[in-house]
Amino acid sequence: QTTKQLTTSHANEIQILRSELEAASLSNLERAQADAEVQRVSEVERTSNELKESHAAELQLAVAKCQSEQLEHLAASHIEELARVRSEMEVSRSEAIAQTTEQLATSHAKEIHNLKAE
């Protein structure tokens, strides 16, 4: 009977130890899972922030490039417009000089005619 009691007592103690070990293992597993989840969330946030910063930098670069291209187009357009205006001014100036020369020649011819007539 003593052996039977010892065996029963021993079996109970083993069961208690097994339960404690399972509880400790479960607790360790839950803690490890919680730590892993915290680390995963932290990593996702870090990666997300890096992507946002990278996207913002790329967007700024694209905007700057677009603005630069727009400025280049605007400058080219202004240069073309200035060339056109200069050309028109040259033509207009030449026409004005020709017209003034013609008017002066006509006026001069009239004066000479008038002087001869006197």
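Reader: Is Glu37 buried, partly exposed or exposed, and at what relative accessibility?
Author: This is a predicted model, and the value is computed from it. Buried means under 20% relative accessible area, and exposed means over 50%. Glu37 falls in between, so it counts as partly exposed, at a relative accessibility of 39%.

Reader: Which residue forms a salt bridge with Glu37?
Author: Side chains of opposite charge can pair when their charged atoms come close. For Glu37, the closest N and O atoms of the pair are 2.7 Å apart. A salt bridge needs such atoms within 4 Å. The partner of Glu37 is Arg40.

Reader: How many residues apart are Glu37 and Arg40, and in which helix do they lie?
Author: Both residues belong to one element, helix α1. Their spacing is about one turn of that helix. Glu37 and Arg40 are 3 residues apart in helix α1.

Reader: What is the relative accessible area of Arg40?
Author: The exposed class begins over 50%. Arg40 does not reach that class, because its relative accessible area makes it partly exposed. The value for Arg40 is 45%.

Reader: How many helices and strands does the protein have?
Author: Helix α1 covers residues 2-117. Ser19 has its place in helix α1, and Gln67 is found there too. The count for the protein is 1 helix and 0 strands.

Reader: What is the radius of gyration of the protein?
Author: A compact globule of 118 residues would have a value near 13 Å. The C-alpha atoms here fill a box of roughly 170 × 15 × 10 Å along the principal axes. The protein has a radius of gyration of 50 Å.

Reader: How far apart in space are Gln67 and Asn114, C-alpha to C-alpha?
Author: Gln67 is found in helix α1. In sequence, Gln67 and Asn114 are 47 residues apart. In space, their C-alpha atoms are separated by 68 Å.

Reader: And how far apart in space are Ser19 and Ala56?
Author: Ser19 also sits in helix α1. The two residues are 37 residues apart in sequence. From C-alpha to C-alpha, Ser19 and Ala56 are separated by 54 Å.

Reader: What share of the 118 residues is buried?
Author: A buried residue has under 20% relative accessible area. Ser19, at 36% relative accessibility, counts as partly exposed. Gln67, at 45%, is also partly exposed. Across the 118 residues, the buried share is 0%.

Reader: What percentage of the accessible surface belongs to carbon and sulfur atoms?
Author: The accessible surface of the protein comes to about 10,800 Å². The share that belongs to carbon and sulfur atoms is 58%.

Reader: How far apart are the centres of the positive and negative side chains?
Author: The protein has 12 positive side chains and 21 negative ones. Each set has its own centre. The two centres lie 1 Å apart.

Reader: Which residue forms a salt bridge with Glu50?
Author: The closest N and O atoms of this pair are 2.4 Å apart. Both partners lie in helix α1, 4 residues apart. Glu50 is partly exposed at 41% relative accessibility, and its partner at 39%. That partner is Arg46.

Reader: Which residues do salt bridges with shared partners join into one network?
Author: Take another pair before the network: Glu90 forms a salt bridge with Arg93, at 2.9 Å between the closest N and O atoms. Glu90 and Arg93 lie 3 residues apart in helix α1. The network joined through shared partners consists of Glu43, Arg46 and Glu50.

Reader: How many salt bridges does the count come to?
Author: The rule asks for a side-chain nitrogen of Lys or Arg within 4 Å of a carboxyl oxygen of Asp or Glu. Glu90 and Arg93 are one of the pairs. By this rule, the count of salt bridges is 6.

Key
Residues are numbered from 1 along each chain as its sequence is written. This is a predicted model: local features need pLDDT of at least 70, side-chain atom pairs count only at pLDDT 80 or more; totals for chains, interfaces and linings use all residues. Side-chain values use heavy atoms; hydrogens and water are left out. Helices (H or I, at least four residues) and strands (E, at least two) are DSSP runs, numbered from the N terminus. The radius of gyration is taken over C-alpha atoms; the globule rule is 2.2 Å times the number of residues to the power 0.38. Buried means under 20% relative accessible area, exposed over 50%, partly exposed in between (1.4 Å probe, protein chains only). Accessible areas come from the Shrake-Rupley method with a 1.4 Å probe; for residues, only the protein chains shown count as cover. Lys and Arg count as positive and Asp and Glu as negative; His and the chain ends are not counted. The place of a charge is taken as NZ of Lys, CZ of Arg, CG of Asp or CD of Glu.
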